[in-house]
Amino acid sequence: MKKQFAALLALSTAAACVLSYQPVQAGAESVLDSMTQENLTDITNEQKDAFYQSSLGEIEPSAEPSELEQAATANGMYKDTFSFTNHSCNLSEDDFNQKVFEPIWNSMTNIERLAYLNKSSVYRNVCQGSQCFGMAALSILVHNGELSPSDIQAGAETLHDITLTNDVEQLITYYDMLLEYQAVSNVVMYAPTLLTQDERVDNLLNCAERCKEKGTYFMVAIRAGGTHMIVGMDKVSGSWTFDGVNYDTCIVAYDSNFYNKTTKESLFNDNACIYVNSKTKQFCIPAYGFTSEKGESVLYASDDDSVLTYRAPLNGTTEINTDASNIVNLHSYRGITPEDVSVTATDADGSTHDFLSECKLRSSDSNYYGTGSAFHLEKTKRSNGFDFYLKGKGYRVEVSQYPQGGSMSSPYDKRTYDVGTKCKVDITGDSISYTNTDTASLPLEFSMAYDEGNYNFSPLNAAKVTFDVAPNQTITITKKDTGFALTTNMETVVTINPEYNDDAINAFEGSEHDFVQYVTAYYLRFVMESNAMVNYNMEKKCSELSFDFNNDGVYDESPIAGDADCNGVPYEINDIYWTMQQIAESGAYGAGSTYFPTTAGDIDGNGKVDTNDLFDITYECALRGAGLKK
């Protein structure tokens with residue numbers, strides 16, 4: 001209830017300055033809720049379901065085990081593999097939320113939690129998928145000695161002994177959801193796409209060779225209409241031919257999709273192994289009809305078990321050995337296509353590349369994964385809206401343009417078409433700089449959120465900053481240790497609405513009135529036309545505003561009486577305008593609707609800005625205009 005109230009309060013507070021349309025994306029960043037592939041087409045839930053359903057297959061057991069099955073058995077098949085097969089989650093929603101999702105949520109970072117704008121959709125998404133990652137992970141960890149079967153089910157001597165009880169299902173589902181951690185999904189799903197297909201095949205062969213020497217299992221991800229996880233068990237040399245193509249290497253695999261037609265127990269399938277031509281890098285998986293010629297992919301192969309133990313429920317660890325921290329996600333709600341927007345990314349070594357055209361993994365024209373530490377976007381055409389975020393290690397920054405005709409307009413309303421104005425945007429993890437290169441003004445919102453350790457203003461972890469942006473105006477906001485610095489080349493109204501982290505909201509104790517005071521304590525609204533610094537004073541529990549009027553890089557000037565537009569010069573005609581605006585807004589929306597700090601408008605020192613102060617400012621301006629006072 002506190003979170004809902006906080007959200008409503010933030011919306012009602014912001015309404016005093018700009019009504020802003022925010023497209024609702026239920027789990028838009030969640031791996032469970034967004035499937036991506038390299039052939040650049042959309043993946044619907046129906047296609048994902050069809051992929052998993054078609055993959056499940058009955059097998060007639062052979063009278064004698066094949067050479068490959070013998071190799072698999074010697075390496076733990078029917079011992080370190082489950083007897084039951086891959087399936088959708090069958091937990092009740094209550095069990096899933098209490099035993100799986102809430103523990104994962106509690107261990108997530110601030111940025112990871114932002115993927116779940118609609119937490120109620122998570123259970124539905126889990127039930128629409130399968131448990132292949134969780135089952136493969138547990139098989140690998142048991143075989144490799146990280147876990148024992150009795151850790152999973154009391155009394156079990158082998159993984160094959162385990163029966164599918166509710167407790168086991170909870171554990172499998174928990175491991176399956178490790179992909180929801182950004183560090184895990186970057187390693188498994190996204191970093192491999194930066195490699196060519198030949199490089200990924202070489203990686204598979206090298207990983208298999210290492211594991212053959214060590215006697216360990218490893219994870220393999222294959223991708224066609226969706227992503228499926230299997231377990232690499234061994235590497236065997238030989239000669240096989242499928243559809244006229246010769247292969248000299250077989251990656252012996254445990255695939256949880258296949259089962260004995262009679263006993264319904266998991267069964268090894270020769271055709272579910274990966275056959276590779278080590279010279280040409282061609283590969284196939286006959287059971288699925290996957291071939292490299294058709295564009296299917298061996299996406300990921302790794303023997304880094306730390307990926308499978310990261311924040312896991314059993315013997316969990318806190319670090320991943322494989323570094324994929326350079327992966328960033330550019331997600332567009334509206335307005336970013338390669339035809340309308342160019343994105344130049346700069347890597348840590350200073351090299352640059354075209355982020356959109358070189359991106360090897362995306363879903364439609366909305367979700368891109370690649371590398372970069374700084375980004376320059378240029379939007380040369382208008383479009384029906386413009387909203388996007390950029391997410392990297394420890395940060396998530398978002399830019400949203402809003403319609404002048406009404407913030408709650410439908411995204412399909414013609415009034416919103418011209419909102420997607422032309423602009424230039426420069427982004428790093430710590431800053432956003434936006435230049436309006438169009439001929440129309442618009443309200444603009446920056447949203448900047450960070451993980452713990454990247455700032456020193458906890459329990460706040462994010463801020464929504466709203467501006468009015470005129471043509472040719474540039475606005476920049478930069479994260480500092482205890483707040484944000486803002487610069488602009490023209491006058492604008494700034495609204496800063498900081499956000500608390502979930503733990504702080506949940507821990508709050510007090511009345512509803514106290515809670516209102518708590519969540520609005522750091523809210524600021526002011527006018528600026530040069531440089532400003534917003535500092536979160538965690539001891540006083542308020543925001544402090546200072547200015548750098550002479551552009552020397554030192555923010556040492558505080559708002560002064562009579563300087564309503566905060567330009568460093570009091571008692572100007574513009575100060576009369578903003579004082580009138582302040583009084584009118586306060587009358588319409590309440591005292592919280594402020595256009596400038598009280599000290600700048602409270603001329604008579606009674607603690608509020610009212611018509612008496614308007615008289616005083618007008619009188620002072622008249623004296624100065626008549627030359628009677630300096």
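**Exercise 1. A loop asparagine**

Task: In this predicted model, decide whether Asn257 is buried or exposed, then place Asn257 in the fold.

Solution:
- Step 1. Asn257 has a relative accessible area of 0%. Buried means under 20%, so Asn257 is buried.
- Step 2. Find the element. Asn257 sits in the loop between β4 (245-254) and β5 (258-260).
- Step 3. Look for a partner distant in sequence. Gly57 is 200 residues away from Asn257 in sequence. In space, the two are 6.5 Å apart, C-alpha to C-alpha.
- Step 4. Check the side chain. Asn257 makes a side-chain polar contact of 2.8 Å with Asn86.

**Exercise 2. A helix asparagine**

Task: State which helix holds Asn186, and list what Asn186 touches beyond four places in sequence.

Solution:
- Step 1. Asn186 belongs to helix α10, residues 182-190.
- Step 2. The relative accessible area of Asn186 is 8%. The cut-off for buried is under 20%, so Asn186 counts as buried.
- Step 3. Leave out residues up to four places away in sequence. Asn186 then touches Ala191, Pro192, Ala324 and Ile327.

**Exercise 3. Valine in a strand**

Task: Describe the surroundings of Val469 and say whether Val469 is buried or exposed.

Solution:
- Step 1. Val469 lies in strand β21, which covers residues 460-469.
- Step 2. With a relative accessible area of 1%, Val469 is buried.
- Step 3. Not counting residues up to four places away, Val469 touches Tyr434, Asn436, Ala440, Ser441, Leu442, Leu444 and Ile475.
- Step 4. Take one of these, Leu442. Leu442 and Val469 are 27 residues apart in sequence. Their C-alpha atoms are 5.5 Å apart.

**Exercise 4. Two crossing helices**

Task: Work out how α7 and α9 are oriented to each other, and name the residues that meet.

Solution:
- Step 1. Helix α7 spans residues 132-143 and helix α9 spans 166-176.
- Step 2. Their axes come within 7 Å and cross at roughly 100°.
- Step 3. Angles of 65 to 115 degrees count as roughly perpendicular. Therefore α7 is roughly perpendicular to α9.
- Step 4. From α7, the meeting residues are Cys132, Phe133, Gly134, Met135, Ala137, Leu138 and Leu141. From α9, they are Ile172, Tyr175 and Asp176.

**Exercise 5. The buried residues of α15**

Task: Explain why Phe515, Tyr518 and Val519 lie on the same side of α15.

Solution:
- Step 1. Helix α15 covers residues 512-520, and Phe515, Tyr518 and Val519 in this helix are buried.
- Step 2. These residues cover an arc of only 85° around the axis, so they fall on the same side of α15.

**Exercise 6. The nine-strand sheet**

Task: Trace the strand order of the open sheet and find its edge strands.

Solution:
- Step 1. The 9 strands run in the order β12-β11-β15-β18-β19-β22-β23-β26-β27, with antiparallel pairing.
- Step 2. β12 (352-354) and β27 (542-547) are the edges, since each pairs on one side only.
- Step 3. From one strand to the next, the twist averages 15°.
- Step 4. Zoom in on one end. Strand β26 (residues 531-537) is joined to β27 by 6 bridges. One bridge partner pair is Tyr536 and Ser543, the latter in β27.

**Exercise 7. The whole chain**

Task: Say how many helices and strands the protein has, and what share of its residues is buried.

Solution:
- Step 1. There are 18 helices and 27 strands.
- Step 2. Of the 630 residues, 56% are buried.
- Step 3. Among contacts with a separation of 6 or more, 67% link residues 24 or more positions apart.

Terms used: Residues numbered from 1 in each chain as written. Predicted model: local features only at pLDDT ≥ 70, side-chain atom pairs only at ≥ 80, totals over all residues. Heavy atoms only, no water. Pairing = 2+ DSSP bridges. Helix = DSSP H or I, 4+ residues; strand = E, 2+ residues; numbered from the N terminus. Axes fitted to C-alpha atoms, helices over the stretch in contact; angles between N-to-C directions. Buried < 20%, exposed > 50% of the residue type's maximum accessible area, 1.4 Å probe, protein only. Polar contact = N/O pair within 3.5 Å; in protein donor to acceptor, adjacent residues only side chain to side chain. Contact = heavy atoms within 4.5 Å. Arc of directions from axis to C-beta. Parallel < 35°, antiparallel > 145°, perpendicular 65-115°, else oblique.
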